[in-house]
Amino acid sequence: MKFNIKFCFFILTCIFLIFTVFLINSTFARYITALTATSTVEMGTWSIIVNNQNVVENSNLSECITPIFNSNPTYIADDKIVPTSTGYVEININYEEVNVPFEYKISFKQENSTILEDFKFTDYSIDGGTAIMVDNADSSIIGTINPDGLTTEHNFLLNFAWIDDESASFDDMEDTAYSRNFDELNFLFNLEFTQLDS
């Protein structure tokens, strides 16, 4: 009787061992099959450079975008603006490391508590092209870029002026009062880049 129980136990152990080996083998084969099924997808790159600064790494462009004002040294002190002063800002967008289409939006506004209404965003040009007049000082420059590997950057020139003609909101007295009350004009340039579906 003891022999039969030991023999039965031995047979059951062998059966379970064979079953376990078979189960491990089939599971391992499933994982191997899953691992061998590979595919590749090209990763999109997104590295936009504005005036030589990577906007992904540092989005503060205060040091990169500086207005330059044309001055008449006979009548205007250095680094000062007065009625009739004109100036511009250059913005270079380099998208050499971008391979997905995207939309850009460039906007401008004054940040003073009281804005100088006669200081206007007058026109802009792209890549040295014809000046595009701006009707509204709050206008935005909006466009779409679909990288083709040939053109890798765009240059924007935004022109500003302190209007002092019959269309001006302030007269000479109000211009003088504004200059006396405010030491500087604060400009906010906002650049937005939005990836589009290809």
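Which residue in E9 is the bridge partner of Ser-125? It is Leu-157, and the close-ups below show the surroundings of that pairing and several other spots. This is a predicted model, in which local features need pLDDT of at least 70 and side-chain atom pairs count only at pLDDT 80 or more, while totals for chains, interfaces and linings use all residues. Residues are numbered from 1 along each chain as its sequence is written, and side-chain values use heavy atoms, with hydrogens and water left out.

**Figure 1. The whole chain has two helices and 10 strands.** Helices (H or I, at least four residues) and strands (E, at least two) are DSSP runs, numbered from the N terminus. Following the sequence, you meet the pattern α-β-β-β-β-β-β-β-β-β-α-β. Of the 198 residues, 28% are buried; buried means under 20% relative accessible area, exposed means over 50%, and partly exposed is in between (1.4 Å probe, protein chains only). Contact means heavy atoms within 4.5 Å. Among contacts in the chain with a separation of 6 or more, 77% are between residues 24 or more positions apart. The chain exposes about 14200 Å², and carbon and sulfur atoms supply 55% of that area. Accessible areas come from the Shrake-Rupley method with a 1.4 Å probe; for residues, only the protein chains shown count as cover.

**Figure 2. Strand E6 pairs with strands E9 and E7.** Two strands pair if DSSP finds at least two bridges between them. Seven bridges link E6 to E9 (residues 153–162), and these two strands run antiparallel. E6 also runs antiparallel to E7 (residues 132–133), with two bridges joining them. Six of the eight residues of E6 are buried, so this strand is largely enclosed by the rest of the structure.

**Figure 3. The turn between E6 and E7 contains Asp-127.** E6 and E7 form a hairpin with five residues between them. Asp-127 has a positive phi of about 55° although it is not a glycine. With a relative accessible area of 41%, Asp-127 is partly exposed.

**Figure 4. Asp-123 is a buried residue of strand E6.** Its relative accessible area is 12%. Across in E7, Met-133 stands opposite Asp-123. The side chain of Asp-123 makes polar contacts with two other side chains: that of Thr-122 at 3.0 Å and that of Asn-159 at 2.7 Å. A polar contact is a pair of N or O atoms within 3.5 Å; within protein, one must be able to donate a hydrogen and the other to accept it, and residues adjacent in sequence count only if both atoms are side-chain atoms. Leaving aside neighbours within four places in sequence, Asp-123 is in contact with residues including Ala-131, Val-134 and Leu-158.

**Figure 5. Asp-118 sits in the loop between strand E5 (102–110) and strand E6 (119–126).** What is the nearest side chain of opposite charge to Asp-118? It is Lys-120, 5.5 Å away, and Asp-118 is buried yet has no salt bridge. A salt bridge is a side-chain nitrogen of Lys or Arg within 4 Å of a carboxyl oxygen of Asp or Glu. For charge, Lys and Arg count as positive and Asp and Glu as negative; His and the chain ends are not counted. The side chain of Asp-118 does reach the backbone nitrogen of Ser-169, at 2.5 Å. Apart from neighbours within four places in sequence, the contacts of Asp-118 include Trp-162, Phe-170 and Asp-175.

**Figure 6. Ile-106 is a buried residue of strand E5.** Its relative accessible area is 2%. Ile-106 and Ile-141 are 35 residues apart along the chain, yet their C-alpha atoms are separated by 5.0 Å. Not counting residues up to four places away in sequence, Ile-106 touches several residues, among them Ile-91, Ile-93, Phe-156 and Leu-191.

**Figure 7. Asn-92, in strand E4 (residues 86–94), touches Asn-51.** Asn-92 counts as buried at 16% relative accessibility. Its side chain makes a polar contact with the side chain of Asn-155 (2.5 Å). Asn-51 is found in the loop between strand E1 (49–50) and strand E2 (53–54). At 18% relative accessibility, Asn-51 counts as buried too. Asn-51 has a positive phi of about 50°, although it is not a glycine.
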